[in-house]
Amino acid sequence: MALKITYATMSADNEELNSAFEKAVVDVQSRLGQSHGVIVNGDHRTDRETFEEVSPIDHNIVVGRYAQATTDDVDDAISAARAFAPEWEAWGWEARRDLMLTAADIMEEQIFEISALMSYEIGKSRLESLGDVAETVEFFRYYAGQITDHNGFVIPLNSLGANETNTSVLRPYGVWAVISPFNFPMALAAGPSIGALLTGNTVIVKPSNTGALMALEFYRVMHEAGLPDGALHILTGLGSVIGEHMTHHDDVDGITFTGSYPVGMHLLQTASEKRPKPVSCEMGGKNPVIVTESADLELATQGIVRGAFGLTGQKCSATSRVYVEDSVHDELLEKLVAATGELRVGTPFDRSSFMGPLIEKGVVEKFERAVEEVRKSGGTIFTGGNVLDDGDLARGHFVEPTIVAAPLDSWIWSEELFIPLVAVTPISGLEEGLALSNDTEFGLTAGLFSTDDEEIDRWFTEIEAGVTYVNRAAGATTGAWPDIQSFGGWKGSGTSGAGGGGPWYLRQYLREQSRTLIR
Ligand code: NAD
């Protein structure tokens, strides 16, 4: 591919890229609507109840039918993963790394087909889908580089005598459970799995039913790369049934959950009740942006619009609260409304679409409730606020990108909404902006637009968020990329303290064994 795609890629005006994506959209049609089994130890178990996933672009398109795993399937997958774990560790990190690099090459070769499938599945714009797959390719390569740079995490220690050798060895926990959300269905099923597998754990993935096709595509790529059957198992099914059973299972040694705050908190409080195990939860956000008087308002406009409306507001990092210094509030608002009016809403198959559909009907209803709340609370809708159901759009879940003002005690300002709605309010200055920004249970991403070095330094020090951006037009709070921005939350947004795609990430999949040998 001539053009390197990241989430910061600003426009899809590259002919080669567009033609390749559009060819793939046609080529993959025969792969839609198929039935898929639960994958346990290489067996595809199809004789189960199924979940039918329809496309959010068009409810007439069936993306796939997924067998719903039973708790027996969970038990079987965990026991196969447990049985294979010693052999997988014995492979050694170099062999596992080489396999990951092979998988990266395979995925990169198939990037257009996998992205086209993702656009059918989630409704993502072509750039967002390509970004999701390209990010996964980067995860393989970045983590492979990390384990190489750290020599497999084996460090010689000091000794107290000539005949004594001491070593710190980081070793896998054993069986790792990965639970993934719908919105980055490849990167967030694959990213934690790659981290866990590379470090020598065997892995069981429970993807969201909406987005399951991408977890199955990840499995297919790993299988083509030569991953042994015992190393990776895919359990499609209900979180409340098999997710629950799997995470509370005695033979699961560690968990990476990515999803909403209530589910993450529940897992944190209960999953290690019977035995200690690391439970890493990456959860929601309510991501604030401050714009001060010194800001470049053009940059701020671009960054806020991309941050709020990219992926239809369904990013954990979406910009949802904007605090603007009084003196520039009206001017910025005018620019935001104008830029939002230029965004095209439509299917990923239309080259000019920036914003696709919401994932399901229930979320459209949440959008309507939020708009209603703005009206009822005495707020203002500056632009948007409507469901789009003209012509072909009626078969999907399309809404307008929406900018509002609402009283600061409205739940619009506190709840994670996961819709393309951003609230804007004036502030007296950075001091008030910081207080409002930090007044939340969340702490995922945050943005600042300012050209004043003192403001920038203070903001970096005082903002309570794991991922921070100053003056970023490519996304005021969105679009982290492996080896460019590590991605992980603080406070109620995340527990690992070590962002995905960052230099500390792999460590959480390993436990230290100190080895003293006296000859
Ligand atoms: P969700 O919490 O509804 O579901 C996430 C996963 O958890 C799904 O696979 C689901 O089946 C499973 N699950 C549900 N109940 C479970 C239980 N009791 N036990 C075990 N598993 C269970 O989230 P979603 O709607 O798919 O995704 C959107 C959410 O994810 C948002 O809150 C978003 O902010 C968050 N998210 C966070 C990050 C991050 O890195 N911090 C990234 C992407 C999404």
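**Exercise 1. Helix α6 and the residue that follows**

Task: In this predicted model, find which residue just after α6 takes a positive phi, and compare the span of α6 with the expected one.

Solution:
- Step 1. The residue is Gly200, just after α6, with a phi of about 105 degrees.
- Step 2. Helix α6 covers residues 187-198, twelve in number. At 1.5 Å a residue the helix should span 16 Å, and its end C-alpha atoms lie 15 Å apart, so the two values agree.
- Step 3. Eleven of the twelve residues of α6 are buried, and the helix is mostly covered. Among them are Ala187, Pro192, Ile194, Leu197 and Leu198.

**Exercise 2. Helix α12**

Task: Determine which residues of α12 are buried and which strands they pack against.

Solution:
- Step 1. α12 has 16 residues, and from its first C-alpha to its last it reaches 23 Å, close to the 22 Å expected at 1.5 Å a residue.
- Step 2. Val363, Val364, Phe367, Ala370, Val371, Glu373 and Val374 are the buried residues of this helix.
- Step 3. These buried residues pack against β15, β16 (387-388), β17 (398-399), β18 and β19.
- Step 4. Just after α12, Gly378 has a positive phi of about 85 degrees.

**Exercise 3. The seven-stranded sheet**

Task: State the strand order of the open sheet formed by seven strands, name its edge strands, and place α12 on the sheet.

Solution:
- Step 1. The order is β15-β18-β19-β14-β13-β21-β22, with mixed pairing.
- Step 2. β15 (380-383) and β22 are the edge strands, since each pairs on one side only.
- Step 3. From one strand to the next, the twist averages 20 degrees.
- Step 4. Helix α12 (residues 361-376) packs on this sheet and touches β15, β18 (402-405) and β19 (421-427). The direction of α12 makes about 120 degrees with that of β15.

**Exercise 4. Strand β21**

Task: Decide whether β21 is enclosed or open to the outside, then describe its pairing with β13 and β22.

Solution:
- Step 1. Buried means under 20% relative accessible area. Five of the five residues of β21 (residues 445-449) are buried, so the strand is largely enclosed by the rest of the structure.
- Step 2. Both faces are covered: one carries Thr445, Gly447 and Phe449, the other Ala446 and Leu448, and all are buried.
- Step 3. β13 (residues 287-291) runs parallel to β21 and is joined to it by three bridges. Here Val289 stands opposite Gly447.
- Step 4. β22 (residues 467-470) also pairs with β21 in the parallel sense, over four bridges. Ala446 stands opposite Thr468 in this pair.
- Step 5. The unit made by β21, helix α14 (residues 453-462) and β22 is a right-handed β-α-β unit.

**Exercise 5. Ser168 and its sheet**

Task: Locate Ser168 in the secondary structure, classify it as buried or exposed, and describe the sheet that contains β7.

Solution:
- Step 1. Ser168 lies in strand β7 (residues 164-172).
- Step 2. The relative accessible area of Ser168 is 7%, so the residue is buried.
- Step 3. Neighbours within four places in sequence are left aside; the contacts of Ser168 are then Phe153, Val154, Ile155, Leu157, Glu512 and Gln513.
- Step 4. The sheet is open, has three strands in the order β6-β7-β24, and pairs antiparallel. β6 (154-156) and β24 (510-518) stand at its edges with a single partner strand each, so one side of each has no neighbour in the sheet.
- Step 5. Direction ignored, neighbouring strands of this sheet are turned by 20 degrees against each other on average.
- Step 6. Nine bridges join β7 to β24, and Glu164 stands opposite Ile518.
- Step 7. Ser168 and Glu360 are separated by 192 residues in sequence and by 49 Å in space, C-alpha to C-alpha.

**Exercise 6. The chain as a whole**

Task: Test the radius of gyration of the protein chain against that of a compact globule, and describe the chain's extent and contacts.

Solution:
- Step 1. For 519 residues a compact globule would have a radius of gyration near 24 Å; the protein chain has 23 Å, which agrees.
- Step 2. The C-alpha trace spans about 75 × 60 × 45 Å along its principal axes.
- Step 3. The chain holds 14 helices and 24 strands, and buried residues make up 59% of its 519 residues.
- Step 4. Of the contacts between residues at least 6 apart in sequence, 75% join residues at least 24 apart.

Methods
Residues numbered from 1 in each chain as written. Predicted model: local features only at pLDDT ≥ 70, side-chain atom pairs only at ≥ 80, totals over all residues. Heavy atoms only, no water. Helix = DSSP H or I, 4+ residues; strand = E, 2+ residues; numbered from the N terminus. Expected span 1.5 Å × (residues − 1). Buried < 20%, exposed > 50% of the residue type's maximum accessible area, 1.4 Å probe, protein only. Pairing = 2+ DSSP bridges. Right-handed = clockwise from strand over helix to strand, strands pointing away. Axes fitted to C-alpha atoms, helices over the stretch in contact; angles between N-to-C directions. Contact = heavy atoms within 4.5 Å. Rg over C-alpha atoms; globule rule 2.2 N^0.38 Å.
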